[in-house]
Amino acid sequence: MSPWRLELLRIMRTRRLIALVAMFVILGVGGPVLVHYLPQIIKSKTATSDIKLILPKPKPFDGIQNFANNISSLCTLVVAIVAAASLAIDANPVIAIFYRTRVRKPAPLLVPRFVAVIGASVVALALGTLGAWYETTVLIGSLSFGPLVVGFLLEALWLFFVVSTVAFFSSVIRSVLGVVGATVTLFLALALLESVPGVMSWMPTRLAESEADLIGHPAGVLWHAIVTAGIASLLVFGIAIYLFGRREVSR
Amino acid sequence: MNGLRTHCLSKSYGETEAVRNIDLEVPAGAIYGLVGPNGSGKTTTFELLAGLRHATAGTIEWGVPLNQVAYCPDTPEFEPWLTAMEVLDAASGLLGKPRPRKILVEMLDHVGLADSAAHRVGGFSRGMTSRLGIAAGLIGEPKVLIADEPAAALDPAGRREVIDLLAHLRDSVTVIVSSHDLADVQRICDSVGVLTRGQLVYQGSVDDLLAKASTVLRILVHPPATCLKNLISDAPWVQSVREEQPGELIVDVTDAREAELHMARLIAQSNTGLIEYGRAGASLQDIFFELTETGRYSQRKHKAGDPQ
């Protein structure tokens, strides 16, 4: 059994793929539905009162923005948890012994896990995006497909950054919970840094809502974030491989 | 294939020295038993030899490439979502030596798990997991096998099977094994190392160890044994002799070789009827306790002398 098949089995049999797809698809399909029916829900709840609400008619952008908001929060958290469960190899030191005494170099051990998690996350993102696009088109109005595809690719880059970050923390922290906690803390810090003028455009976190950004704004404003996310992802994953190779199994 | 050697191998965790200046000499193809009480540094030594830990000082010569060194931890664990067959398939595949299904089945059969080949290991008992650990170690055809308490979780029949399995590897694989059952070590090991408090206090053949420590002899004769006792006590190689009960002499000798040469003559000279003659306390277990208790005694003395 090759390491690639092993990782395919891991992502399927541990139901991590199902968790990812379910999360992205539910939010992708549910977001535009919620946006479409929200005015009616609010009106029905306030029908008996004297307050008269005038709500704008939802636009296609609103449907996709709802999904994009969820990608930057809930979906990112789920991807981080799934990635930590796969990449924190030393979380169970006895199982780590099985791997480390058979694959002596860190890269062949980490890369298949990394690719499997990225692959599963991007598949889930694609299905969620398709769901959001379909529901938005059917319920609210048509969306331009080109910016949506580019937005999808940039959000895939965001997920690449997320998984790379998890890989880095997995090489310095052993427990899955610790890795997830460190990743979430870092992303919260990055989100806070987004408010600093001049720094904002360079933050990788800006890519998390690319689908909405590209549909709602002219293309080109995300170039800084693309460069930062690409370089940072490769750099932290490289450091993760180096640190993982130096670390001892501890029990 | 060369043997495995370490030179002044040490491992410290901060102030604590888990392993101190160990010079292991494991001949190629031999079965080497590493024994010692809990916390003596056996597992740390094994993990150093398996390349899982970095030595603080000293060197290791494996004699073979490191990917031909297999390590079976004392309580092996595997991904619970894999079947037993898939564990062996993964174990060989990760080593870059994929094995055909027939070989995997044979190996599972060898460790008594053929009926559980398609079962996920998450539901395995500890004994079954231990057997699978041995199979996963051997499937890559290693040249050096390090097995930490390989039979610890097994019932007596399973224990015997695993020990026999290791014994059959003699000459083709260098086996380094630890066990709390010293009878197993005595039965299959060519040489033995005794580890206490991170130090190797003895290394050599099991026979030499037994001979070295078996300086107490037991002689059972038809009473009275007074004449024989007097003759023995006059011998220069005797430290003490006492009559435990009528006809039973316990002789503490300073030179076992001299005793072997002259004892029969003394018995004949005393004109006493011999019933039984042998070593008292000749098991590896007794020697093990003697060696490791000495270590503990030294430790207590050392601590008592330490200024607080």
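Trainee: What makes the side chains of Glu7(A) and Arg10(A) a salt bridge?

Mentor: This is a predicted model, and in it the N to O distance between those two side chains is 2.7 Å. The cut-off is 4 Å between a side-chain nitrogen of Lys or Arg and a carboxyl oxygen of Asp or Glu, so the Glu7(A)–Arg10(A) pair qualifies.

Trainee: Where do Glu7(A) and Arg10(A) sit?

Mentor: Both belong to helix H1 of chain A, 3 residues apart, which is about one turn of the helix. Both are buried too. Leu6(A), Leu9(A) and Ile11(A) are also among the buried residues of H1(A).

Trainee: What do the buried residues of H1(A) pack against?

Mentor: Within chain A, helix H2 (16–45), helix H3 (60–87), H4 and helix H5 (106–139); from chain B, helix H2 (84–94) joins in. Just past the helix, Arg15(A) has a positive phi of about 65 degrees.

Trainee: What makes Asp90(A) and Arg100(A) a salt bridge?

Mentor: Same kind of check. Their closest N and O atoms are 2.8 Å apart, and the limit is 4 Å, so the pair counts. Arg100(A) lies in helix H4 of chain A and Asp90(A) in the loop between H3 and H4, so the bridge ties together parts that are 10 residues apart in sequence.

Trainee: Why is Asp90(A) called buried?

Mentor: Buried means under 20% relative accessible area. Asp90(A) has 3%, so the label fits. Arg100(A) is at 11% and therefore counts as buried as well.

Trainee: What else does the side chain of Asp90(A) meet in a salt bridge?

Mentor: Arg247(A), at 2.9 Å, N to O. Arg247(A) lies in the segment after helix H9 (223–246) of chain A, so this pair links parts 157 residues apart in sequence. At 12% relative accessibility, Arg247(A) counts as buried. There is also a network: salt bridges with shared partners join Glu7(A), Arg10(A), Arg113(A) and Glu79(B).

Trainee: How do you know that Glu248(A) forms a salt bridge with Lys11(B)?

Mentor: The closest N and O atoms of Glu248(A) and Lys11(B) are 2.6 Å apart. That is inside the 4 Å cut-off, so it goes on the list. Between chain A and chain B the count is 4 salt bridges, along with 13 residue pairs in polar contact. On the chain A side, H4(A) gives the most, with 6 residues. That side divides into 11 nonpolar, 4 polar and 10 charged residues.

Trainee: How many residues does each chain bring to the contact?

Mentor: Chain A brings 25 and chain B brings 32. Together the chains bury about 2,600 Å², with 55% of it on carbon and sulfur atoms. In chain A, Met1(A), Arg13(A) and Arg102(A) lose the most area to chain B, together 27% of what that side buries.

Trainee: Now for chain B. Why does Glu248(B) count as buried?

Mentor: Its relative accessibility is 9% and the limit is 20%, so Glu248(B) is buried. Glu248(B) is found in strand S13 (residues 248–253) of chain B.

Trainee: What makes the pairing of the Glu248(B) and Arg218(B) side chains a polar contact?

Mentor: The two side chains come to 2.7 Å, and the cut-off for N or O atoms is 3.5 Å, so the distance passes. Leaving aside neighbours within four places in sequence, Glu248(B) is also in contact with Ile219(B), Leu220(B), Arg242(B) and Glu243(B).

Technical notes: Residues are numbered from 1 along each chain as its sequence is written. Chains are lettered from A and ligands numbered from 1 in the order in which they are written. This is a predicted model: local features need pLDDT of at least 70, side-chain atom pairs count only at pLDDT 80 or more; totals for chains, interfaces and linings use all residues. Side-chain values use heavy atoms; hydrogens and water are left out. Contact means heavy atoms within 4.5 Å. Buried area is the accessible area (1.4 Å probe) that two parts lose on being put together, summed over both. A polar contact is a pair of N or O atoms within 3.5 Å; within protein, one must be able to donate a hydrogen and the other to accept it, and residues adjacent in sequence count only if both atoms are side-chain atoms. Helices (H or I, at least four residues) and strands (E, at least two) are DSSP runs, numbered from the N terminus. Ala, Val, Leu, Ile, Met, Phe, Trp, Tyr, Cys and Pro count as nonpolar, Asp, Glu, Lys and Arg as charged, and the others, Gly among them, as polar. Buried means under 20% relative accessible area, exposed over 50%, partly exposed in between (1.4 Å probe, protein chains only).
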